[in-house]
Amino acid sequence: MKGGLKLAVLLFVIILLVSCTKSEKKEEAKRDENKGQGESPQVVVSPPALPSFAGLVKRLKPAVVNISTTSVIHDTGFFSLPSPYGGEEDPFEEFFKRFLGDIPQREFRQKGLGSGFVISEDGYIITNNHVVEKAEDIQVVLEDGEKYKTKVVGTDPKTDLALLKIEPKRRLSKVTLGDSDKLQIGDRVIAIGNPFGLGHTVTAGIVSAKGRVLGFGDYDDYIQTDAPINPGNSGGPLFNLNGEVVGVTSAILARAQGIGFAIPINLARDIIEQLKGGGRVVRGWLGVQVQELTPEIAESMKLPDVKGALISDVSSGSPADKAGIKRGDIILEFNGHKIENTEELPRVVAMTRPGTEVRIKALRDGSEKDFSVKLGALPSKGSNTEEGQISEGKLGLTVEKLTPEIAGRLGIEEGGVIVTKVDSGSLADESGFQSGDVILEINRKKITTPEDYKSTASSLKKGQTALFLIRRGEVTLYIAMKL
């Protein structure tokens, strides 16, 4: 019995081995057949190694400089703290003067840090305006430790750019300026600067976004990057992988990590050339006020999409006025440059030299119109009554006649009614109306008296979007209200 069991087990093992051998031969034959038909064997590809920036950085670092500044802060001690009474006379000031006399003013010397980069062998350097604007002493330190006293050639606070000049003992290494318009989101970039005064420091990342508007200036157009930027990096260069400067590192967001901003070099290029030529910047001037074209306003104007810059006012006698551009026009193109949003128009106008003849394409009442405009130069800046009030409950506004005194104070010549009250939670309140607004038009119809306002407002129907033209201080703008 035991011998028979052993024999049975042996036979089972032999059958199993023969079966496995046949299966392996079939698989091998199948592989040979596939190979004969041209099927390539499976290849495992390892991911490519990230490139080293060592050679590139070695070439670029000599053109990057550290900047240290000294500012003098005047202080009168404890009693120079802001008065709790704001701009009014502080009643305690006379008390302290009577018993303590005039407190002598003290001076403090405050240190500052920044970065910059050399753009010419004879010592012209780009940095940020905020790095040097209040400094009484500015020192530039080259990579090899050589130090130079520095002259400010010119600054432009509107774009936060400054041009410096040193008198070097030798020809300096300089950067190559690239084309920031060619940058794409996802491109790798390198920042070199002087964070926290540590000296030349290199960080790398990618372009995270373009065209960021942060509200820092009139012509915001920032490149956003995750290349680490810290205090002291301001004014330093942002390089592409060709070693060309594509931006000037300028800003960070408080409490944010991995978010830094740089001024595009194409914006900086013309500013720097003007500063180098005369120490000041002259910008093009069209003579219009613009506001955001919201979906509600687009709907009320029966527009196909929400693109372009809406003209809310045209200055009398300005280049736009002379060319025939009117309030309510929507600028679609400026000299071949498509205008996608409100922020773009002031920027491209400002970067165009005064005296330039430009072509503008605008939308007016659903039809495209072309204008030829010769740009000017941007000018330098510098009683309640219940009688006659009308309240229109549907909108939540109370208005009264615009008196000649109020009109003269506001510089309004075209009439209108002044808003004296905005009901809390009303349509007007939700749409953004404020007391003191002057209503000039409703749905393109001029409003000159409270009766005009009541008649027009009462005719508005549920579901309709009404377009108001208002004057708020020195600004004229549109407000869309959906009933």
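Trainee: By class, how many residues in the lining of the largest pocket are charged?
Mentor: This is a predicted model, in which local features need pLDDT (the predictor's confidence in each residue, from 0 to 100) of at least 70 and side-chain atom pairs count only at 80 or more, while totals for chains, interfaces and linings use all residues. A pocket is an open set of 1 Å grid points that fit a 1.4 Å probe, with protein on both sides within 12 Å along at least five of seven lines, and lining residues have an atom within 4 Å of a point. Asp, Glu, Lys and Arg count as charged, Ala, Val, Leu, Ile, Met, Phe, Trp, Tyr, Cys and Pro as nonpolar, and the others as polar. The lining has 14 nonpolar residues, ten polar ones and, as charged residues, nine.

Trainee: Which residues lie nearest the centre of the largest pocket?
Mentor: Residues are numbered from 1 along each chain as its sequence is written, and side-chain values use heavy atoms, without hydrogens or water. Helices (H or I, at least four residues) and strands (E, at least two) are DSSP runs numbered from the N terminus, and those giving two or more residues to this lining are β15, β16, β17, α8 and β29. Out of 33 lining residues, those nearest the centre are W285, G287, V288, Q289 and S315.

Trainee: Which element gives the largest share of the largest nonpolar core?
Mentor: A nonpolar core joins buried Ala, Val, Leu, Ile, Met, Phe, Trp, Tyr and Cys residues through side-chain atoms within 4.5 Å, and this one has 29 residues. The elements giving two or more residues to the core include α2, β3, β7 and β13. The largest share is six residues, and they come from α5.

Trainee: Is V175 buried or exposed?
Mentor: V175 lies in the loop between β7 and β8, and V175 is among the residues with the most contacts inside the largest core. Contact means heavy atoms within 4.5 Å; beyond four places in sequence, V175 has contacts with A63, F117, V118, I119, F239 and V245. Buried means under 20% relative accessible area, exposed over 50%, and partly exposed in between (1.4 Å probe, protein chains only). At 6%, V175 is therefore buried.

Trainee: How far apart in space are D156 and N128, C-alpha to C-alpha?
Mentor: D156 belongs to strand β6 and is buried, because its relative accessible area is 4%. Its contacts beyond four places in sequence are N129, L161, I271, V281 and R283. N128 is 28 residues from D156 in sequence, and in space their separation is 8.9 Å.

Trainee: Which loop holds R444?
Mentor: R444 is not a glycine, yet its phi is positive, about 70°. Its relative accessibility is 39%, so it counts as partly exposed. R444 sits in the loop between β26 and β27.

Trainee: What is the phi of F196?
Mentor: F196 is found in the loop between β9 and β10. F196 counts as exposed because its relative accessibility is 54%. It is a residue other than glycine with a positive phi, near 55°.

Trainee: How many contacts beyond four places in sequence does the model have for residues 382-391?
Mentor: The mean pLDDT of the protein is 82, and 79% of its residues reach 70 or more. Over residues 77-90, pLDDT stays under 50, and the model has eleven such contacts there. Where pLDDT is low, the predicted coordinates should not be read in detail. Residues 382-391 also stay under 50, and their contacts number 17.
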